[in-house]
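Work through the exercises below with the sequence and the structure at hand. Each task is followed by a solution in steps.

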Amino acid sequence: MPNFNIDADPKHTYDAIVIGSGISGGWAAKELCEKGLKTLVLERGPIVEHPTDYKTANLDPWDLEFRGGLTPEQKEKHYKAIRSGFIGQDTEHFFANDKENPYTEVKPFLWIRGHQMGGRSLLWGKQTYRWSEMDFEANAKDGHGVDWPIRYKDLEPWYTYVEKFAGISGEALGLPQLPDSHFLPPMELNCVEKDIKKRIERDFPGRHMIIGRVAHLTQPLNGRGQCQYRNRCSRGCPYGAYFSSNAVTLPAANATGNLTFRPYSIVQSIMYDESTGKASGVRIIDAETNQDIEFKAKIIFCNASTLSTTQVLLNSTSKRFPEGMGNDSGELGHNLMDHTYRVGALGKVDGHQDKYYSGRRPNGIYIPRYWNIDQKSKTDKFLRGFGFQGGAYRMGNSEAANRKEFGGQYKDSIMKPGPWEFFITGFAECLPYHDNKVFLNKEVTDKWGQPTLSIDAQYKENELAQNKQIQEDAVEMLEKAGVKDVIGFDNEHEPGYGVHEMGTARMGRDPKTSVLNGTNQIHSVKNVFVTDGACMTSNSCVNPSLTYMALTARAANHAVEELKKRNI
Amino acid sequence: MDRRKALKFTGSMAAAAVAGPSLLSLLQSCKNETRIDWHPVFLTIDEAALVSKIVDMILPRTETPGALDVKTDIFIDKVYANLYDAEAQEHVRKEIEKFDQDCISDFGDSLVNLSESDQIKVLQRAEENSGQFGSGVWGTTVGRPEPVGFYRSLKSTALWGYFTSQEIGENVLSYDPVPGAYHGCIPLSDVGNKWSL
């Protein structure tokens, strides 16, 4: 891949600026560049070039000094994100430095960030689901939050568009609550999953258990290789087999010759021109030189990730917008949502002891939402619903360590795989609450002297009622499916663990109650677009990244049309 | 595919057998008759001798290398030295001390000096008394199980070090760094030992 244009460019004026290079920023860059706009992408962290900067991608445990373990210094560096349990010696360099980028938890909130080219597109779970008609109608129907200004039919062509380029594997089911994507061949369920699927679908009419729909290539696409089943995704995939900005959208943007990629660019604010009523550009601090630099552009796409985008907007004050750019409604920073997480059940599975699998599948099972999807499935215990992820596998070291045995026979026995275990864990939709919010904290500044965020959010009655149901349903399904020693669990995680933070600059029909319009433009600053998770008006119960991709491609198309018409 | 039947066991065990004690740096314990052939970083000689003895009893040499053959005890010392913070280091040192004291008060001597049958009794008791790990999902434990005791924790670290050693990972377990495909339901006999990665 050709090098990105990262030279200190004397040119400070572009057609478009994209803030952030993660999943949505990569799409914004690709679409705008391909439509002929000279585009500057501002990235807070370093370049991570595909595949040469995936330094740990091919290391075995014994190649790592501490076999994957983290030192106290590394734990301190990631003292927030370490709570997630996802960071290892092999991936810690893709997680942001929590010491240099503090945030304040008014109530407990886990905020996981990826400060590098590609952002969290290097780290995401790749679970990829379309939202449904009922998701876009949910607020209007039950009166929580404000109505989405768009419907499924508005986004459907853009789902199709991004899916064909990103590459999504999965199985079509024709369910109204989980519309099918354009699929590459699905990955395979293992023996135990196939067995449990049959039992759940037999005993619980209306419930389905499928292989996860994922942004992993199961056959080559556009020069990218297919998944090699190494399950080392978060180190960066040398084959480009999963969707990341680094392997997929940024190379496409770069191929146009229209992309300038600027790393180490700490965005301070978006500049507002009182005379034109438009944004004029972006002010950054160079993270290496501490120099303040201004870049001008006709349009600006905010894709810094949900909370970082809102942080930039809150910090973009002017005479016209003393409370943050586009904040006429007072909703900027409000209505923060995430999915509930790690509530479910697990247990051991008898039988199949002579069966195994080969390959390390970076995917599991999915049980689509089955509550409140029609009259028959309606419950008065909670609004909306939840889905499950999970999987079956043969247990490893912790099971072996728990056996009350030692010695030669024991050692020989643990050379064989442990018993099968199966688990499911729910992801519940969270309602948009005005008082779940973030706001600027000027007392606590980051390494570059910028105000940071305070986060004040919590799950409420409706989410807790769903978690209760998740655990009950999970235990019931596993027991009926013949799983033994079933343990229900609820780790009572605070928001943020789902890493699906959404809202805080929501789309809406009415400028008095929302920040963005139906094409992701700030109502009152039409040349600023927000197409990351900040724009979300509700949060469904399915993983959001595919919807960010589709919204971004749609908004970029609209932006260029409006530019041509000289409307912005 | 039956690659595990021919064990490519040519690594550290054979090397150790050839080298013999005279070529190794022998460190004499101050209070025990035991000695270890490596320089601990965090552990004292006595503590290292105890840790080595325990992991050797958990994972002895059979037809496949034992824990000591692949330097699991050295790895454990490295973990304590480099991955434990000061508080955790102090804690593990106290636990080792307590393990040793319990051994002396109940069996009359440190583990390394006991008869084999008493050594087995000590570990059997530790298996009963050191708790169990809770189940985990995606990197964290579910529920809120009691923390495990020293022995269980040591056993777990020993398994980690043993199975992630190159000798075991590449030559004893089934090693396939680039599987290329996923097959969800195959006979275990096609694979043999469990996958190392």
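**Exercise 1. Helix packing in chain B**

Determine the handedness with which α2(B) passes α3(B), and describe the contact between these helices.

Solution. This is a predicted model, and the values below are computed from it.
Step 1. The crossing of α2(B) past α3(B) is right-handed.
Step 2. The two helices pack at an angle of about 130 degrees, and their axes are 9 Å apart.
Step 3. Angles over 145 degrees count as roughly antiparallel and those from 65 to 115 as roughly perpendicular. The pair α2(B) and α3(B) is therefore oblique.
Step 4. On the side of α2(B), the contact is made by Ala48(B), Val51(B), Ser52(B) and Val55(B); on the side of α3(B), by Thr72(B), Asp73(B), Ile76(B) and Asp77(B).
Step 5. By class, the residues of this contact are four nonpolar, two polar and two charged.

**Exercise 2. The loop between these helices**

Find the sign of phi at Lys71(B), and decide whether Lys71(B) is buried or partly exposed.

Solution.
Step 1. Lys71(B) belongs to the loop between α2 (45–58) and α3 (72–82) of chain B.
Step 2. Its phi is near 60 degrees, a positive value in a residue other than glycine.
Step 3. A residue needs 20 or more other C-beta atoms within 10 Å to be buried, and is exposed at 12 or fewer. Lys71(B) has 18 C-beta neighbours inside 10 Å, so Lys71(B) counts as partly exposed.

**Exercise 3. Chain B as a whole**

State how many helices and strands chain B has, and in which pattern they follow each other.

Solution.
Step 1. Chain B has seven helices and five strands.
Step 2. Along the sequence, these elements run α-β-β-α-α-α-α-β-β-α-α-β.
Step 3. Chain B has 197 residues, of which 35% are buried.
Step 4. Take the contacts in chain B between residues at least 6 apart in sequence: 47% of them join residues at least 24 apart.

**Exercise 4. The contact between the chains**

Establish how many residues each chain brings to the contact, and which element of chain B gives the most.

Solution.
Step 1. Chain A brings 48 residues and chain B brings 50 residues.
Step 2. On chain B, the elements that each supply at least two residues are α2, α3, α5 (116–129), β3 (136–137), α6 (150–163), α7 (166–172) and β5 (183–187).
Step 3. Of the side of chain B that touches chain A, α6(B) gives the most, with six residues.
Step 4. Sorted by class, this side of chain B holds 27 nonpolar, 17 polar and six charged residues.
Step 5. Strand pairing also links the chains: β12 (355–358) of chain A and β5(B) pair in the antiparallel sense over three bridges. In one of these pairs of residues, Ser358(A) has His183(B) as its bridge partner.

**Exercise 5. A sheet in chain A**

Identify which strands stand at the edges of the sheet β3-β17-β16 of chain A.

Solution.
Step 1. The sheet is open, has three strands in the order β3-β17-β16, and shows mixed pairing.
Step 2. β3 (104–105) and β16 (437–445) each have a single partner strand, so these two stand at the edges, and one side of each is left without a neighbour in the sheet.
Step 3. β3(A) and β17 (451–456) of chain A pair in the parallel sense over two bridges.
Step 4. Within β17(A), Ser454(A) is the bridge partner of Thr104(A).

**Exercise 6. The loop between β2 and α2 of chain A**

Locate the cis peptide bond at Pro51(A), and decide whether Arg67(A) is buried or exposed.

Solution.
Step 1. Pro51(A) is in the loop between β2 (39–42) and α2 (72–77) of chain A. The peptide bond from His50(A) to Pro51(A) is cis, and its omega is near -10 degrees.
Step 2. Arg67(A) lies in the loop between β2 and α2 of chain A. Its phi is near 50 degrees, a positive value in a residue other than glycine.
Step 3. Arg67(A) counts as buried because 22 C-beta neighbours lie inside 10 Å.
Step 4. Glu49(A), in the loop between β2 and α2 of chain A, is partly exposed, with 18 other C-beta atoms within 10 Å.

**Exercise 7. A covered helix**

Find how many residues of α7(A) are buried, and what covers them.

Solution.
Step 1. In α7 (306–314) of chain A, nine of its nine residues are buried. Among them are Thr306(A), Gln311(A) and Leu314(A).
Step 2. The cover includes β1 (13–19), β8 (265–273), β10 (292–302), β16, β17 and β20 (525–530) of chain A.

Conventions:
Residues numbered from 1 in each chain as written. Chains lettered and ligands numbered in written order. Predicted model: local features only at pLDDT ≥ 70, side-chain atom pairs only at ≥ 80, totals over all residues. Helix = DSSP H or I, 4+ residues; strand = E, 2+ residues; numbered from the N terminus. Pairing = 2+ DSSP bridges. Contact = placed C-beta atoms within 7 Å. Nonpolar A, V, L, I, M, F, W, Y, C, P; charged D, E, K, R; others polar. Axes fitted to C-alpha atoms, helices over the stretch in contact; angles between N-to-C directions. Parallel < 35°, antiparallel > 145°, perpendicular 65-115°, else oblique. Left-handed = near helix turned anticlockwise from the far one by under 90°.
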